[in-house]
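Here is a short structural report for the bench. Please keep the sequence and the model in view while reading.

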Amino acid sequence: MNPALTGNFEGLQRMAANYRKQWWQVGSPYNTGTISFEQKLFKEKIEDESRFAIGGMFLTDESLAGGFRSTTGSLSAGYHQSLDRLGVHSIGTGIMGTFSNRIVDFNRLTFGTQFTSGGFDPSLPSGEYFPMGLKPYFDVNAGMVYSYNDGENSMYLGSSVYHAGKPRFSLFQDSVSRIPRRYTIHGGANFYLGRNTYHHYSNPLPK
């Protein structure tokens with residue numbers, strides 16, 4: 001969502017993993033898995049309430065029964081500068097470099113010209129012409145985030161841009177088909193509403 005969120009957590013390390021199988025009851029499901037890791041660095045050289053961290057993420061995605069597969073590896077770095085002595089207010093920036101490889105397996109796809117009275121026959125020619133296929137590409141993402149944390153209540157507000165270089169993404173040798181930039185504005189908050197108090201009585205309460 002935002003490379004500036006790298007290092008925006010309590011503790012020294014953070015690891016996360018997710019797996020999603022979408023629409024598994026209808027047709028060919030989307031299978032997506034991610035794993036990420038972050039590590040804060042230079043704690044002894046940076047003032048207490050500021051922080052610098054690096055992170056890495058690996059993502060794999062598959063759809064159309066394996067006809068389209070995507071593999072992405074990312075490295076990110078984020079720095080959060082405290083704006084006051086207690087670190088209640090801070091502002092962070094982050095940058096991420098991404099290498100992506102996407103594959104279209106035409107042997108797993110069917111086309112209208114392959115449809116016969118007996119159903120689809122993949123051995124028939126598709127009638128489609130794909131001279132080169134997809135090529136791997138490198139991408140750059142960046143963002144900023146403002147954070148507030150007074151020990152009980154916290155909030156953040158950030159913005160980011162992905163595909164800053166608008167990398168080429170085409171089955172053909174053209175310079176027109178590019179991945180458009182994606183802009184994101186996001187925010188969140190945690191508010192403390194009160195305490196639940198438990199009273200212990202050594203003697204039984206009167207009836």
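G143 sits in strand β8. This is a predicted model, and the values below are computed from it. G143 has a relative accessibility of 10% and counts as buried, because the cut-off for buried is under 20%. Across the strand pair, G143 stands opposite S160 in β9. G143 also has a glycine at 7.4 Å, C-alpha to C-alpha: G158, which is 15 residues away along the chain. Strand β8 covers residues 137-149, and β9 covers residues 154-162. The two run antiparallel and are joined by eight bridges.

**A second buried residue in β8**

N141 lies in strand β8 too. Is N141 buried or exposed? With a relative accessible area of 2%, N141 is buried. Its side chain has polar partners. The side chain of T98 makes a polar contact with the side chain of N141 at 3.4 Å. In addition, a polar atom of the N141 side chain lies 3.0 Å from the backbone nitrogen of H163.

**The sheet**

Strands β8 and β9 belong to an open sheet of eight strands. The order is β1-β2-β3-β4-β5-β8-β9-β10, and the pairing is antiparallel. Which strands stand at the edges? They are β1 and β10, the latter spanning 182-190. Each has a single partner strand, so one side of each has no neighbour in the sheet. On average, neighbouring strands are turned by 15° against each other, direction ignored. As background, strands of a sheet pair through backbone hydrogen bonds, in a parallel or antiparallel way.

The table lists four of the strand pairs, with one facing residue pair for each.

| Strand pair | Bridges | Facing residues |
|---|---|---|
| β3 and β4 | 13 bridges | E62 and R69 |
| β4 and β5 | 15 bridges | S70 and R102 |
| β5 and β8 | 12 bridges | H89 and Y148 |
| β8 and β9 | Eight bridges | G143 and S160 |

Strand β4 takes in residues 68-82, and β5 takes in residues 89-104. A further bridge between these two strands pairs G73 with F99 in β5.

**Turns and positive phi**

Two hairpins follow one another through β4. In the hairpin of β3 and β4, four residues lie between the strands. The turn holds L64, with a positive phi of about 55°. In the hairpin of β4 and β5, six residues lie between the strands. There the turn holds G87, with a positive phi of about 75°.

Most residues other than glycine have a negative phi. F42 is not a glycine, yet its phi is positive, at about 60°. F42 lies in the loop between β2 (30-41) and β3 (51-63). With 42% relative accessibility, F42 counts as partly exposed. K166, also a residue other than glycine, has a positive phi near 45°. K166 is placed in the loop between β9 and β10. Its relative accessibility is 33%, so K166 counts as partly exposed.

**Salt bridge**

Side chains of opposite charge can pair when their charged atoms come close. How many salt bridges does the model contain? The count comes to one. The partners are R14 and E38, with an N to O distance of 2.9 Å. They link distant parts of the chain, 24 residues apart: R14 is in strand β1, and E38 is in strand β2. The two ends differ in cover. R14 is partly exposed at 33% relative accessibility, whereas E38 is buried at 11%.

**Nonpolar surface patch**

Strand β1, made of residues 13-22, also contains M15. M15 has 57% relative accessibility and counts as exposed, because the cut-off for exposed is over 50%. Which residues make a nonpolar surface patch with M15? They are I35, F37 and F58. The patch covers about 390 Å².

**Points to check on the model**

Start at β8, with buried G143 and buried N141. Then look at the positive phi of F42 and of K166. Finish in β1, with R14 of the salt bridge and M15 of the nonpolar patch.

Conventions
Residues numbered from 1 in each chain as written. Predicted model: local features only at pLDDT ≥ 70, side-chain atom pairs only at ≥ 80, totals over all residues. Heavy atoms only, no water. Patch = residues over 30% accessible without salt bridge, like charges linked within 9 Å, V, L, I, M, F, W, Y side chains within 5 Å. Areas by Shrake-Rupley, 256 points an atom, 1.4 Å probe, with all protein chains shown as cover. Salt bridge = Lys/Arg side-chain N within 4 Å of Asp/Glu carboxyl O. Buried < 20%, exposed > 50% of the residue type's maximum accessible area, 1.4 Å probe, protein only. Pairing = 2+ DSSP bridges. Axes fitted to C-alpha atoms, helices over the stretch in contact; angles between N-to-C directions. Polar contact = N/O pair within 3.5 Å; in protein donor to acceptor, adjacent residues only side chain to side chain.
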